[in-house]
Amino acid sequence: MKKLYFLLFFGLAPLLLWGQISGVVVNSNGSPLIGVVVQNADGTVSTTTDFDGYFELSVPEGTQLEVAFLGYRSVNVPATKNMRIELREKGAKPKMPGKKEEIPWSVFILANGMSGIPFTPAVGLTIGMVRKGGWYVNFMTGFGFHFDDTDSYYGKVNYTGQYTTLPFYTGNKSNQTMAVTLGGLVRFGNAPVYMYLGAGWAYKSTTLETNNGKWVAYTTDPANNMSPMHSVALETGLLANIKGFALSIGYEPMIGIGGRYSSKNAAHEIKIGLGGMFDCKRRTQK
């Protein structure tokens, strides 16, 4: 009887080690590959991946598997549970063991909207390039932009809307802003999220229309001229790449530098951008 148990144990041991292996096969971008052949070394047990790149195979753990797909480099890997197998195109550089995946340069283009308090809407465009670090240039302008014509009248409009040596004020008012900034970006590890920081020039003004079609600066305090305001524009914020869609949100203070045409105060703006980000990595075929 003991001899029978002994024979049964060693006869069934290989079957006890036999298990259901599963996994997913993806390309270098993490997208699933359909129809990949996964088999053991002698080809007696094989399967193919489904639409999600998923496969199941009844082999013992540790079995050497061959994974092959047309146009990609074949790989041999030991079978484990919940496998994730990455195949690389034949023209792509092989991934060196222990070496981090190289992040390619990307170009991004954003359409921006910006406003502050009081409400002064502006639109603009941001372009740049980024890898682990990068650069960008941004231009913003307001709607119905009117420069200050005050110098042609040698006077200023006060807070009541009255005038000194000025034609009659019609009651129309325009808030506008203009800014040009440039700066740099830094990536957070391998996540497609970047922090940006920039600086540049800004002009912010509230102007009033006179009955002869001129626009003159509105000043709330003659001793500390609030408009027009030539200033230093600073900005900081975050830029995220979501599967090729770029989204940004940031804060931009415009700090006056003093003088006849500049306030010592600061204006505060919130800027939101939406656009695209495109990899510059070139793919070659063998």
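Start with the nonpolar surface patch: select F188, M195, L238, I242, F245, L247, I249, Y251, I270, I272 and L274, which together make about 1,100 Å² of it. Keep in mind that you're looking at a predicted model.

Now colour by strand. The elements giving two or more residues to this patch are β14 (229-242), β15 (245-256) and β16 (266-279). Pick out β15 in particular, as it gives the most, with four residues.

Next, click on F188, another member of the patch. You'll find F188 in the loop between β11 (169-187) and β12 (193-210). Is F188 buried, exposed or partly exposed? Its relative accessibility is 44%, so F188 counts as partly exposed.

Time to leave the patch and look at the aromatics. How many aromatic pairs are there? The count comes to two. For the first stop, select F69 and Y72: their ring centres sit 5.6 Å apart with the planes at 40°, so this pair is tilted. Check the cover on each ring's residue: F69 is partly exposed at 24% relative accessibility, while Y72, at 12%, counts as buried.

Then select Y136 and Y196, an edge-to-face pair with 5.6 Å centre to centre and 75° between the planes. Which strands hold these two tyrosines? Y136 is in β10 (residues 133-142) and Y196 is in β12, so the pair ties together parts that lie 60 residues apart in sequence. If you switch on a surface here, remember that both Y136 and Y196 are buried.

Definitions and conventions: Residues are numbered from 1 along each chain as its sequence is written. This is a predicted model: local features need pLDDT of at least 70, side-chain atom pairs count only at pLDDT 80 or more; totals for chains, interfaces and linings use all residues. Side-chain values use heavy atoms; hydrogens and water are left out. Patches are made of residues with over 30% relative accessible area and no salt bridge: like charges are joined within 9 Å, nonpolar side chains (Val, Leu, Ile, Met, Phe, Trp, Tyr) within 5 Å. Accessible areas come from the Shrake-Rupley method with a 1.4 Å probe; for residues, only the protein chains shown count as cover. A salt bridge is a side-chain nitrogen of Lys or Arg within 4 Å of a carboxyl oxygen of Asp or Glu. Buried means under 20% relative accessible area, exposed over 50%, partly exposed in between (1.4 Å probe, protein chains only). Rings of Phe, Tyr and Trp (its six-membered ring) pair if their centres lie within 6.5 Å; planes under 30 degrees apart count as stacked, over 60 as edge-to-face and the rest as tilted.
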